Amino acid sequence: MADSSSDSKGSAYKGPSEPLAHNSSMSDTEVVGQVSDISALEKAGSAHFKRLGWKRLTTVLIVEAIALGSLSMPAAFATLGMVAGVICSVGIGLVAIYTSYVVGQVKLAYPEVSHYADAGRLLMGKFGYELVSVMFVLQLIFLVGSHTLTGTIAFLNITNNGACSVVFGVVSAIILLLVAIPPSFAEVAILGYIDFVSIMAAILITMIGTGVASTPETANWSAWPAEGTDFTKAFIAVTNIVFAYSFAICQFSFMDEMHTPKDFVKSIWALGIIEIVIYTLTGGLIYAFVGLDVKSPALLSAGTLLSKVAFGIGLPVIFISGSINTTVAARYIHGRVFKNSVTRYINTPKGWATWLALITFMTIIAWVIAEAIPFFSDLLSISSSLFISGFTFYFPAMMWFMLIKQGKWYERHNWLKTAANAFIFFIGIFVLVGGTYASIVDIISSYTSGSIEKVTS
């Protein structure tokens, strides 16, 4: 698989060639034939995983990024107030664009970096590689879990038939598994157009429905934080916005499939601006129309009939965007396990068998997480706090200081970037500590009070 960077640095494939050399029962022609077959598989596999241009990369990033995050924005605005909501939405979006630019610069400077875990090795050696590997895989599995939960909510809302939520959770997991089967991101890009139309249509239906139903009495929005907003509620709202801008986590993986990696800048600017506009308008308008009673995910606020329509139209984004996280994590694990084998290209029977087994196992774990944390905002919050705080904030800041900074940090030409990256680093640590604390407190409080937004019949 193209994830496996060591083979791209000039070392020849050394999988079965050694055993073949010792098999005296085989003729030289048979040995050469088998080696030729392996070489052909490797060449075809490598070409298959080098098909992304910047436009397709933008599409894949949109698939990965603009999904559940947009559905949590109105509730975050309701907690923080319109002023703080807009500031956080735009501000965090601009920071995410910059840190993604840093990630891309690291990829260009160190082409062997195929996944975020490889960057962890550059930062902290073997320990960093293993630490970031665990964070990387867990975050992606949490994302799949959040999509499983959203699929469950959607099916319960659409059908209204009283079925147990566990059944719909299993159905959601199976669909996510099926969509994750294609291993190449270029193939996912084709589905990206359906994905984008799906989420935009669902959001527009919700906006129009809530706007038409809005009255001065119901639209009780405020420029300032809602009354009774404490540290826990405010921080969960902030981490939900952080979650919406988490596209940097997959950027190394996506760029590894680009045929012209330097074009990544066009993609992150296109995605970043699209995200900022969509998130800010979605959060601000739906909050203004619905008021403090806005729900999370936001599609639940559209009214009984329109929410069913919105969820129905939004099903593609739930499953396409969710499945790509399974693909990214599985590509990393599969490429690491079969680093020196043609199996990594997933174009042999063994490659496909191991690939299907891996994505099935990961989907089952994601389903378990969705059942264990059955409340939308808190699931996004704990995911943001534990993992996205690093991938979007403090890891990119560390990369600038340790990997791509030119000259000393205190030199005049570095003053602005030094201050910016130091600030971003501390934002990440603050989100890690404060967000994790707030998420745990809110989850405990929800279970204790019985006010869990649980998706049961």
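Trp269, Ile273, Val277, Leu281 and Leu285 make a nonpolar patch of about 440 Å² on the surface of this predicted model; patch members have over 30% relative accessible area and no salt bridge, and nonpolar side chains are joined within 5 Å. Areas come from the Shrake-Rupley method with a 1.4 Å probe, and a salt bridge puts a Lys or Arg side-chain nitrogen within 4 Å of an Asp or Glu carboxyl oxygen. Leu281 belongs to helix 11 (residues 264–290), helices being DSSP runs (H or I) of at least four residues. At 45% relative accessible area, Leu281 is partly exposed, a class between buried (under 20%) and exposed (over 50%).

Turning to the rings, the whole structure holds 19 aromatic pairs, with centres within 6.5 Å and planes counted as stacked under 30 degrees, edge-to-face over 60 and tilted otherwise. Tyr116 and Phe395 make a tilted pair, 6.1 Å between centres and 50 degrees between planes. This pair links helix 6 (residues 116–159) to helix 14 (residues 376–404), across 279 residues, and both Tyr116 and Phe395 are buried. Tyr394 and Phe425 pair edge-to-face, because their planes meet at 75 degrees with centres 6.4 Å apart. Tyr394 is buried at 9%, while Phe425 is partly exposed at 26%. These four residues join Phe136, Phe252, Tyr332, Phe391 and Phe426 in one aromatic cluster.

Residue numbers start from 1 along each chain as its sequence is written. Local features need pLDDT of at least 70 and side-chain atom pairs 80 or more, whereas totals for chains, interfaces and linings use all residues, and side-chain values use heavy atoms, without hydrogens or water.

Definitions and conventions
Patch = residues over 30% accessible without salt bridge, like charges linked within 9 Å, V, L, I, M, F, W, Y side chains within 5 Å. Helix = DSSP H or I, 4+ residues; strand = E, 2+ residues; numbered from the N terminus. Buried < 20%, exposed > 50% of the residue type's maximum accessible area, 1.4 Å probe, protein only. Phe/Tyr/Trp six-rings, centres within 6.5 Å; stacked < 30°, edge-to-face > 60°.
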